[in-house]
Amino acid sequence: MLHDPSHYEPPPIAHEIEVSDHDEGILRALASELAEIAALPIHAERAELWRKLNDLESERPMVWINEIPWHEMDVDGELTLQTTDPWAQDQERDLRRTLYQWRHLQGDMIVDDFITCPLAIHSTDFGIIEDVEVVKTDDANDIVSREFHIQIKDWDDLEKIRMPVVTHNEEATEFRYQAMCEVYDGIMPVRKMGQTHVWYTPWDYLVRWWGVQEAMMDLVMRPDLVHAGVERTVQAWMVEMDQFESMNLLALDNDNTRIGSGGYGYTSELPGDDYDPEWVKTRNMWGCSNAQIFSEVSPQMRWEFAVEHDLKWLERFGLTYYGCCEPLDQSIDVIKRIPNLRKISTTPWANVPSMVEQVGTDYVLSRKPNPNVFARDAFNPELAREQLVEFLDASKGCHRELIMKDISTVRYEPQRLWQWADIAAEVVQDYAT
């Protein structure tokens, strides 16, 4: 995502990056290990399987693990940082996590044969951030409970939502790029990379400013105000994306980029026939949306207060993904009205037989197995297997991906997630066509 509604992101500062011999040695050693992995032929094989899935020609269900509680995952110092400079530590952290996931949580993971240098892009955001009380059960965990202080109460408050301004600090990008090229010289090439897939979710923002109960009540009590709030938020996203596109800051996502709340974006249908490799447009990319807070509203309300507004955004893209944690089995007819829809989130709370009957082979079911299997007093591998088999049996004949995400804890036993990855990799082989 471009920004986080919990805080303002300061603009990048252009400065020379000096890397000590000590830090460079550590980064080069890790990159060398990564380069060996990236050269394996299995990545091309998996890319083809992901491509077939997203092109609705799937050979078997695909598996990917995301949103990992990294603070609980370290074993034998695999994730312990050894560099000292903050810039080097950011590099090291990414390298170590990629290597760790490859060793223990592969699924159908794909490793790039290059290292990405993100462009130094900044957005001024939407002019308003959440005002929140936080309760934690684990100070090391990013997953917290929040109580939102209401900031949008009436019409005048909608003016708090501002139109973003996007900038690219080209000098900062160049400093980063030159430092990375020097560190990884002879090991892996470095590529400058603009903004890839954008996590677009207006309602995730609105409820943090509006209040959850208040927003749900206003759907009935003050629908005109809600429509105006949604429309202003959508326009803020549109204005931001217009700038990304006009400034040539976008990058393709039909690769091992996460799409929506699901898996990779490989597809032969993107970037499309009208693709200019010198200037990526939204029509060459995947779009997405969701309205997680609408888990209990009627399909008509989902259409009226979410999807109909979202169409302005979604129609810009070549293909789209819809949904996240909300069950969608009651709203399939509504989201089918998205003209370029390809993938539908299928949460643990969805009625799978109903979704299968409505979706058939027209879309990909992006299944989210329930991560509560890791939070119990003891991990039960047979339960994990049963949950996967139950879904895969119920959805035979469909195009499916298994995306284990939203993992708030493994009870500081990372082996639980390792075991799940092994089980999933084994189970999906039984459902190959």
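# Exercises on a predicted model

**Exercise 1.** In this predicted model, determine which side chains of strand E2 (residues 115–118) are buried and which are not.

*Solution.* Following the strand, one finds that the side chains alternate, with Ile115 and Cys117 pointing to one face, where they are buried, and Thr116 and Pro118 pointing to the other, where they are not. This can be set beside a general rule: in a regular strand the side chains alternate between the two faces of the sheet.

**Exercise 2.** Find in what sense E2 and strand E7 (residues 190–193) pair, and which residue of E7 stands opposite Cys117.

*Solution.* The first step is the pairing itself, which is in the parallel sense and extends over 4 bridges. The second step is to look across from Cys117, one of the buried residues of E2, and there the residue of E7 standing opposite is Lys192.

**Exercise 3.** Compare the reach of helix H2 (residues 42–54) with the expected span, and list the residues of H2 that are buried.

*Solution.* Helix H2 has 13 residues, and at 1.5 Å a residue the expected span is 18 Å. From the first C-alpha to the last, H2 reaches 18 Å, which is close to that expectation. Turning to burial, the residues concerned are His43, Arg46, Ala47, Leu49, Trp50, Arg51, Lys52, Leu53 and Asn54. Just after the helix, Leu56 takes a positive phi of about 65°.

**Exercise 4.** Decide whether Met221 is buried or exposed, and state which residues make the nonpolar surface patch with Met221.

*Solution.* Met221 belongs to helix H6 (residues 212–221). Its relative accessible area is 58%, and therefore Met221 counts as exposed, the cut-off for that class being over 50%. Together with Met217 and Val220, Met221 makes a nonpolar surface patch of about 340 Å².

**Exercise 5.** Locate Cys324, classify Cys324 as buried or exposed, and name the residues that Cys324 touches.

*Solution.* Cys324 is placed in the loop between strand E9 (319–322) and helix H9 (332–335). Because its relative accessible area is 4%, Cys324 is buried, the cut-off being under 20%. Leaving aside residues up to four places away in sequence, Cys324 touches Trp199, Ser261, Asn290, Gln292, Ser345, Thr347, Lys368 and Lys405. Phe148 lies 176 residues from Cys324 along the chain, and the two C-alpha atoms are separated by 21 Å.

**Exercise 6.** Classify His15 by relative accessible area and give the C-alpha separation of His15 and Val165.

*Solution.* His15 lies in the segment before helix H1 (21–38), and with a relative accessible area of 45% His15 is partly exposed. The C-alpha atoms of His15 and Val165, which are 150 residues apart along the chain, are separated by 22 Å.

Definitions and conventions: Residues numbered from 1 in each chain as written. Predicted model: local features only at pLDDT ≥ 70, side-chain atom pairs only at ≥ 80, totals over all residues. Heavy atoms only, no water. Buried < 20%, exposed > 50% of the residue type's maximum accessible area, 1.4 Å probe, protein only. Helix = DSSP H or I, 4+ residues; strand = E, 2+ residues; numbered from the N terminus. Pairing = 2+ DSSP bridges. Patch = residues over 30% accessible without salt bridge, like charges linked within 9 Å, V, L, I, M, F, W, Y side chains within 5 Å. Areas by Shrake-Rupley, 256 points an atom, 1.4 Å probe, with all protein chains shown as cover. Salt bridge = Lys/Arg side-chain N within 4 Å of Asp/Glu carboxyl O. Expected span 1.5 Å × (residues − 1). Contact = heavy atoms within 4.5 Å.
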